[in-house]
Amino acid sequence: MKTAGERVDKLVTAATEQRAEAEEKAKELVSDASSEASKVRIAAVRKADGLLKEAEQKKASLVAEAEAIKAEAQRIRAEAEAEAAETIAEGKRELEVLVRRRKDINAEISRVQDVLEALESFETPGGGKSSGSAGASGGLGGFHPDEWQVPGRLATQKAGHSPDQTGIRSMTRRFGP
């Protein structure tokens, strides 16, 4: 029994030593795992910080680019508004010129109509009587005012009484029988 007791004591001592070694090894493994986990956490935090900084830089560059685009759009809009205002002013000037020209043309038409009416008043009231001189036809060089014709109008209409003001310009003298 003594041998069995010594044997048991040796086994218990060996088991105790193995247990102490296992505990020491476990502590070492836990310490290594803790150290490795800390390293991984530190690396993850650094990577996250790097990603955050990169994201902030991208955000800042995108904000700057957006501001530049906005400024360019505002500049283009201002140019377009200025060009539109200039075009409107130019259009108004051209309209004023055209209105003045129209007034001048209307005044000229009125003057021509007055001349034509004056020429009609020089007609001889008998129409068929002639004394054989140029004065017999009212001093118009042998032509009667009704011989003036606007293209597209009937020859029997009196020239100068047409409301068609553009027809006055294209009046032609009819050299008929």
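Is Glu17 buried, exposed or partly exposed, and what is its relative accessible area? In this predicted model, Glu17 turns out to be partly exposed, with a relative accessible area of 48%. That value falls between the 20% and 50% cut-offs, which is why the residue gets the middle label. Glu17 sits in helix H1 and belongs to a patch of negative charge on the surface. Its companions there are Glu21, Glu24, Glu28, Asp32 and Glu36.

Stepping back to the chain as a whole, there are two helices and two strands, and from the N terminus on they come in the order α-β-α-β. The chain has 177 residues, and 10% of them count as buried.

Helix H1 takes up residues 2–121, which makes 120 residues. From the first C-alpha to the last, H1 reaches 171 Å, close to the 178 Å expected at 1.5 Å a residue. Some of H1 is tucked away: Ile109, Val112, Gln113, Leu116, Leu119 and Glu120 are buried.

Then there are the charged pairs. Side chains of opposite charge can pair when their charged atoms come close. The count for this model comes to six salt bridges, and three of them are picked out here, starting with Arg19 and Glu23. The side chains of these two meet at 3.3 Å, N to O. Arg19 and Glu23 are four residues apart in helix H1, so about one helical turn separates them. Arg19 is exposed, at a relative accessible area of 56%, while Glu23 is partly exposed at 42%.

Further along, Lys58 and Glu54 make a salt bridge of their own, at 3.6 Å from N to O. Here too the partners lie four residues apart in H1, about one helical turn. Lys58 counts as partly exposed at 49% relative accessibility, and Glu54 counts as partly exposed at 39%.

The last pair to look at is Glu79 with Arg75, whose closest N and O atoms are 2.3 Å apart. Both residues belong to helix H1, with a spacing of four residues, or about one helical turn. Glu79 is partly exposed, with a relative accessible area of 43%, and Arg75 is partly exposed as well, at 38%. The pairing does not stop with these two: salt bridges that share partners tie Glu72, Arg75 and Glu79 into one network.

Key
Residues numbered from 1 in each chain as written. Predicted model: local features only at pLDDT ≥ 70, side-chain atom pairs only at ≥ 80, totals over all residues. Heavy atoms only, no water. Expected span 1.5 Å × (residues − 1). Buried < 20%, exposed > 50% of the residue type's maximum accessible area, 1.4 Å probe, protein only. Patch = residues over 30% accessible without salt bridge, like charges linked within 9 Å, V, L, I, M, F, W, Y side chains within 5 Å. Areas by Shrake-Rupley, 256 points an atom, 1.4 Å probe, with all protein chains shown as cover. Salt bridge = Lys/Arg side-chain N within 4 Å of Asp/Glu carboxyl O. Lys, Arg positive; Asp, Glu negative; His and termini not counted. Charge placed at Lys NZ, Arg CZ, Asp CG, Glu CD.
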